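Colleague: Could we go through the ligand site together? I would like to begin with its surroundings.

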Amino acid sequence: MEQLSESARLVHRNNIDLIEIDNRWSTATISLFGGHILSYVPKSDGRDRLWVSDAAIMDGSKAIRGGIPICWPWFGDLHGQADTSLPSHGYVRNQTWRIIHIQESDTGTQLQLAPSCVQGKGFLGEASLLLDVHVGDELCISLITKNLGDASLSYTAALHTYFAVDDIKHTELTGLSGEYKDKTQQFAIFQTPEPYRFSAETDRVHLCQPSSLSINNNDKHTLVHSEGHDSIVVWNPWADKSTSMADMTNEGFRNMLCVETAVTTTKVVAPNEKHVIVQRIR
Ligand SMILES: O=P(O)(O)OC[C@H]1O[C@@H](O)[C@H](O)[C@@H](O)[C@@H]1O
């Protein structure tokens, strides 16, 4: 164990390093494998906003199922691009990240992480990538892509957050409207349901940019604020798919809902410019 700052310490568990933060406002756990936030618990109510699968593989051999995977420099499979050797959701969620900066302030603990390798097969840009995490009375995550090259770069990405819910069958999502593309139906376009509830596999790209969403489960409300995105992705694998996934338990789908702040239609970043995707959770 190594103390990193007044509220943060580094612990080694299985094969991965974890940063544990415990300050006046909240606790959080962040894995250096994937730059992956695993837990965020405000002290005001003691409720973890994030879900991690009981069957998640936590030894650094596979992206962690749960928490907040960082999908970059592409989201999904680049919508069917020919080269299936490229990893789903990009290559930084399978890397060990390093700590760039850590600082205490009068509103919380700020942590900055960067992946070990930003360039990779399937991405032609020359970029830097920084994850800025602020742990206070809310969790604020900023994913900052800077173009270091002489030509414009293009990328897609997501903060692929797995939110914890008591029971998906009694969960309602508010704040979304308009059309979505349904991945379970060959990307056919449908209207967002009202009320938005869950009773089957759900895999949707909502082509809208709401700033605020709420995940409501009984009397519990998790608020999600997004910036810099072009889409919100909503995913729950439901029973059959959960059973087929090695890192989900059969019943795992009952207690999670992914609401992802995403860029799915390609963001072009000019030389020397930055683009920032933000998700704030409380
Ligand atoms: O299994 P992975 O690569 O972590 O992806 C999980 C899910 O991530 C979602 O974002 C996608 O829309 C789903 O289609 C996908 O199944």
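**The ligand and its surroundings**

Modeller: Certainly. In this predicted model, the residues around the ligand are R65, F75, S88, H89, R93, H160, K183, D203, V233, W235 and E260.

Colleague: How does that shell divide into nonpolar, polar and charged residues?

Modeller: Three residues of the shell are nonpolar, three are polar and five are charged.

Colleague: And how far is the side chain of D203 from the ligand?

Modeller: An N or O atom in the D203 side chain is 2.5 Å from an oxygen atom of the ligand.

Colleague: What about K183 and S88?

Modeller: For K183, a polar side-chain atom lies 2.7 Å from a ligand oxygen atom. For S88, the distance from a polar side-chain atom to an oxygen atom of the ligand is 2.9 Å.

Colleague: How much of the ligand's accessible area does the protein cover?

Modeller: On its own the ligand has 390 Å² of accessible area, and the protein covers 85% of that.

Colleague: Which pocket does the ligand sit in?

Modeller: The ligand sits in the largest pocket.

Colleague: Changing topic: where is S53?

Modeller: S53 is in the loop that runs between β5 (36-42) and β6 (70-71).

Colleague: Is S53 buried or exposed?

Modeller: S53 counts as buried, because its relative accessibility is 6%, and the cut-off for buried is under 20%.

Colleague: What lies 3.0 Å from a polar atom of its side chain, then?

Modeller: That is the backbone nitrogen of A55, which lies 3.0 Å from a polar atom of the S53 side chain.

Note on methods
Residues are numbered from 1 along each chain as its sequence is written. This is a predicted model: local features need pLDDT of at least 70, side-chain atom pairs count only at pLDDT 80 or more; totals for chains, interfaces and linings use all residues. Side-chain values use heavy atoms; hydrogens and water are left out. A residue is near a molecule or strand if one of its heavy atoms lies within 4 Å of it. A polar contact is a pair of N or O atoms within 3.5 Å; within protein, one must be able to donate a hydrogen and the other to accept it, and residues adjacent in sequence count only if both atoms are side-chain atoms. Accessible areas come from the Shrake-Rupley method with a 1.4 Å probe; for residues, only the protein chains shown count as cover. On a 1 Å grid over the protein atoms alone, a cavity is a set of points where a 1.4 Å probe fits but cannot get out, and a pocket is an open set with protein on both sides within 12 Å along at least five of seven lines; lining residues have an atom within 4 Å of a point. A molecule sits in a cavity or pocket if more than half of its atoms lie within 2 Å of its grid points. Ala, Val, Leu, Ile, Met, Phe, Trp, Tyr, Cys and Pro count as nonpolar, Asp, Glu, Lys and Arg as charged, and the others, Gly among them, as polar. Helices (H or I, at least four residues) and strands (E, at least two) are DSSP runs, numbered from the N terminus. Buried means under 20% relative accessible area, exposed over 50%, partly exposed in between (1.4 Å probe, protein chains only).
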